[in-house]
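Please read the points below with the structure open beside you, and look up each residue as it is named. They are written as a colleague's notes for someone new to reading models.

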Amino acid sequence: MAFNAKVYQEISAALPAGVAIVAVSKTKPIQDLQDAYAEGVRDFGENYVQELMEKQPVLPADIRWHFIGHLQSNKVKYIAPYVHLIHGVDKVSLLDEIQKQAAKLGKKIAVLIQLHVAQEETKFGFSSDEAIELFSAAIQEKYPNIVFSGIMAMASFLDDTEVLKSEFGEAKRIFDHLAPIMGSEWNTLSMGMSSDWQLAVQEGSTLLRIGSTLFGSRN
Ligand SMILES: *Cc1c(COP(=O)(O)O)cnc(C)c1O
């Protein structure tokens with residue numbers, strides 16, 4: 001299946017003002033992204049640096065590329081020149097590297113702090129306590145080339161509405177808690193995927209990351 005424009009329109013129409021969609025195109029061929037672009041999609045999400053490096057140069061320059069995967073520090077330099085938003089910052093050392101590469105380019109790079117709210121132990125991210133401790137200090141002064149734009153969270157892979165609600169709710173709580181400290185550019189709460197975006201929106205998401213519902217299931 002290629003890009004499903006009808007579903008994209010339906011989801012877009014169902015969203016409250018201020019909530020946007022990142023079309024998650026990982027593993028999908030260039031043609032699918034071109035189809036989505038032709039339907040007005042400008043925000044694309046990719047998980048793998050190598051794949052993003054192949055896609056970015058051959059697709060329109062006004063695409064906003066969201067890096068939503070687990071990012072290794074030694075690969076930041078490859079995406080730093082054009083990435084729009086790095087969603088999964090889960091380590092201080094990764095912030096250090098993003099700062100370094102952004103400064104080298106004389107630009108600012110926007111990031112989201114990944115918060116670990118799910119029950120699964122394999123998920124990356126800071127705990128709520130770590131996030132509060134780390135980001136309550138004068139973090140912007142330490143990272144002048146980083147724009148702290150908000151939080152990214154993934155809920156458990158469960159079919160339990162109450163659990164998902166409480167996990168998304170926890171991300172929203174930390175997002176709100178840090179908002180007065182982090183300033184005016186702290187405006188993005190990235191949560192909600194194909195299976196749970198409605199709940200995420202109810203709990204305050206401002207940015208959904210939707211893949212398989214739009215592009216078909218991945219191999
Ligand atoms: C793959 C991926 C998505 C999209 O998942 P779907 O279930 O296909 O919508 C969203 N967020 C992250 C971090 C992903 O890796």
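1. How far is an oxygen atom of the ligand from an N or O atom in the side chain of S194? In this predicted model, the separation between that ligand oxygen and the polar side-chain atom of S194 is 2.5 Å. A pair of N or O atoms counts as a polar contact within 3.5 Å, and the pair formed by S194 and the ligand, at 2.5 Å, is therefore a polar contact.

2. Two further pairs deserve a look when you turn the ligand around on the screen. A nitrogen atom of the ligand has a polar side-chain atom of R209 at 2.8 Å, while an oxygen atom of the ligand lies 2.8 Å from a polar atom of S212 that belongs to the backbone. As for how much of the ligand is covered, on its own it has 390 Å² of accessible area, and the protein covers 91% of this.

3. The surroundings of the ligand can be described as a shell of residues. There are 13 residues around the ligand, and those that come nearest are K26, N47, S194, G211 and S212. Sorted by character, the shell consists of six nonpolar, four polar and three charged residues. The place where the ligand sits is the largest pocket.

4. Is H87 buried or exposed? This residue belongs to strand 4, which covers residues 85-89, and H87 is buried because its relative accessible area is 0%, whereas the limit for calling a residue buried is under 20%. The side chain of H87 also has a partner, since a polar contact of 3.0 Å joins it to the side chain of S190.

5. Please check the backbone at T27 with some care. Most residues other than glycine have a negative phi. T27 is not a glycine, and yet its phi is positive, at about 70 degrees. You will find T27 in the loop that runs between strand 1 (20-24) and helix 2 (30-38). With a relative accessible area of 41%, T27 is partly exposed.

6. Which loop holds S25? S25 is placed in the loop between strand 1 and helix 2, and T27 is also in the loop between these two elements. S25 is buried, with a relative accessible area of 0%, whereas T27 is partly exposed. Finally, S25 may be set against Y143: the two are 118 residues apart in sequence, and their C-alpha atoms are 30 Å apart in space.

Terms used: Residues are numbered from 1 along each chain as its sequence is written. This is a predicted model: local features need pLDDT of at least 70, side-chain atom pairs count only at pLDDT 80 or more; totals for chains, interfaces and linings use all residues. Side-chain values use heavy atoms; hydrogens and water are left out. A residue is near a molecule or strand if one of its heavy atoms lies within 4 Å of it. A polar contact is a pair of N or O atoms within 3.5 Å; within protein, one must be able to donate a hydrogen and the other to accept it, and residues adjacent in sequence count only if both atoms are side-chain atoms. Accessible areas come from the Shrake-Rupley method with a 1.4 Å probe; for residues, only the protein chains shown count as cover. On a 1 Å grid over the protein atoms alone, a cavity is a set of points where a 1.4 Å probe fits but cannot get out, and a pocket is an open set with protein on both sides within 12 Å along at least five of seven lines; lining residues have an atom within 4 Å of a point. A molecule sits in a cavity or pocket if more than half of its atoms lie within 2 Å of its grid points. Ala, Val, Leu, Ile, Met, Phe, Trp, Tyr, Cys and Pro count as nonpolar, Asp, Glu, Lys and Arg as charged, and the others, Gly among them, as polar. Helices (H or I, at least four residues) and strands (E, at least two) are DSSP runs, numbered from the N terminus. Buried means under 20% relative accessible area, exposed over 50%, partly exposed in between (1.4 Å probe, protein chains only).
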